[in-house]
Amino acid sequence: MNEQKTRLRNAGFVTFFFSGVCAISSGVVVSLLQEQYGFAYGMTGTLLSLMSIGNLLAGFLTGVLPGVLGLKPSILLLTIGYTVGYGIMGFTGAEVLLAAAFFLVGVAKGSAMNACTILVSDNSADRTRGMNLMHSCYACGALLCPFLIAAAARVSTALAVFLLAALGVVLWLVYWKTPMEGKVKDRKAVIDWSFLRSGRFWLLTGLLFCQNAAEQSVTGWMVTYFKGSGIIAGTLAAYTVTVMWGATLVARLLIAFVFPFKSPRKAMVVMAVTCTLFYVLLMRADSQPAAILLLFAFAFAMAGMNPTAVASAGRMTSVTSMGIMLPAASSGAILMPWVIGRVAERAGLAAGMAMNIVPCVGLIIFSVLVERLSEQESEKS
């Protein structure tokens, strides 16, 4: 691998680390804001969904804007949302402005996700290992975020969100210093849309839809759920994010270096079944040790799903295909947090969280369909 490719790949790793800190902190931040301003569960779900809407829009923008503005200017424009969004949260508790702030954070999250996916997948000798390493960097950032937020929140919630805004500046500066190609249309004069006719592409998109729905619901709501149910008390509940992302990091590193998947599609079926089982058990947990252990197990089981699914797209991976697959999949992260919030207002938070079993079951269905389709494709070839 030449020096330029290594630099681009490493830029993807570094920026996804900072994106992990900034994006996953939103679940802790929304809990702090709810305590400070006293808004309802429905508003909490709406804020999380608006972040996911921004994430969705970013996917389409990163597929279109580079052909107009250039790749680097587009990334710089879109990823500034971390700084602006968290900056707004530090200055006001007005619900309209908080809604705009979470939307901008979502835009930055989606833009960083797409940019890093292209940087790493295009410049890694082993695509599956590269994607798992990239997502391990994200998990490292997510693992650290509760400690950073807790330390800053001892002073004030405002300081915590301003710290995240500052980390957004660091992420932006890394992109600014990274040499990137001018315009996407220079890379490929004629855009290849053949992936739209691929059944595997749409099944993987459906799989990622369910994965995004299940994961965002847990990262966005679990701190609030543990606090509200009394299973894990007060400030300790925020550190459950560390448990979840610690499990994710361990699992992804094991996949990348120790136990690489010999059959990635069969592995996705196993991951789907186990994470569904652990989520059902998590919803039945009534003690702190059981809740922490089952949250760890759930996150460990799901950890390899997203990078493995994206890597399974293989030759279909491009700015254009990712600009459709990732935003379409992220709509799951819009829908489920909102559904949980609405159900929680009417039937209680436990009932709301139980709704997340639906996308978990969806993971099983789509992973089985992907595996069967792959077997059929192998028989034809």
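A residue counts as buried when its relative accessible area is under 20%. In this predicted model, glutamine 211 has a relative accessible area of 1% and is therefore buried. Glutamine 211 is located in helix H10, which spans residues 199–229. Its side chain forms a polar contact with the side chain of asparagine 306, at 2.9 Å. When residues up to four places away in sequence are left out, glutamine 211 touches Met302, Met305, Asn306 and Leu363. One of these partners, methionine 305, is 94 residues from glutamine 211 along the chain, yet the C-alpha atoms of the two are separated by 7.4 Å.

Helix H10 also packs against helix H2, which comprises residues 41–64. The angle between H2 and H10 is about 150°, and their axes are 11 Å apart. Angles over 145 degrees count as roughly antiparallel, and H2 and H10 are therefore roughly antiparallel to each other. The crossing of these two helices is right-handed. On the H2 side, the contact is made by Tyr41, Thr44, Gly45, Leu48, Met51 and Ser52. On the H10 side, the residues involved are Gln216, Gly220, Trp221 and Thr224. Divided by class, the residues of the contact of H2 with H10 are four nonpolar and six polar, with no charged residues.

A second helix pair is formed by H12 (residues 264–284) and H13 (residues 288–302). Here the packing angle is about 160° and the axes lie 8 Å apart. H12 and H13 are therefore roughly antiparallel to each other, and their crossing is left-handed. H12 contributes Met271, Thr274, Cys275, Phe278, Tyr279, Leu281 and Leu282 to the contact. H13 contributes Ala291, Leu294, Leu295, Ala297, Phe298, Ala301 and Met302. The residues of this contact comprise 13 nonpolar and one polar, and none is charged. Met302 of H13, which takes part in the contact with H12, is also among the residues touched by glutamine 211.

Helix H6 (residues 95–122) contains threonine 117 as well as valine 105. Threonine 117 has a relative accessibility of 0% and so counts as buried. Outside the residues up to four places away in sequence, threonine 117 is in contact with Asp122, Met131, Met134, Val310, Met322 and Leu326.

Valine 105 has a relative accessibility of 1%, and therefore also counts as buried. With residues up to four places away in sequence again not counted, the contacts of valine 105 are Met51, Gly81, Tyr82, Gly85, Tyr86 and Met89. Met51, touched by valine 105, is also one of the H2 residues that meet H10. Valine 105 and cysteine 210 are 105 residues apart along the chain, and their C-alpha atoms are separated by 21 Å.

Conventions
Residues are numbered from 1 along each chain as its sequence is written. This is a predicted model: local features need pLDDT of at least 70, side-chain atom pairs count only at pLDDT 80 or more; totals for chains, interfaces and linings use all residues. Side-chain values use heavy atoms; hydrogens and water are left out. Axes are lines fitted to C-alpha atoms, for helices over the stretch in contact, and angles run from 0 to 180 degrees between N-to-C directions. Helices (H or I, at least four residues) and strands (E, at least two) are DSSP runs, numbered from the N terminus. Angles under 35 degrees count as roughly parallel, over 145 as roughly antiparallel, 65 to 115 as roughly perpendicular and the rest as oblique. A crossing is left-handed if the near helix is turned anticlockwise from the far one by less than a right angle, and right-handed if clockwise. Contact means heavy atoms within 4.5 Å. Ala, Val, Leu, Ile, Met, Phe, Trp, Tyr, Cys and Pro count as nonpolar, Asp, Glu, Lys and Arg as charged, and the others, Gly among them, as polar. Buried means under 20% relative accessible area, exposed over 50%, partly exposed in between (1.4 Å probe, protein chains only). A polar contact is a pair of N or O atoms within 3.5 Å; within protein, one must be able to donate a hydrogen and the other to accept it, and residues adjacent in sequence count only if both atoms are side-chain atoms.
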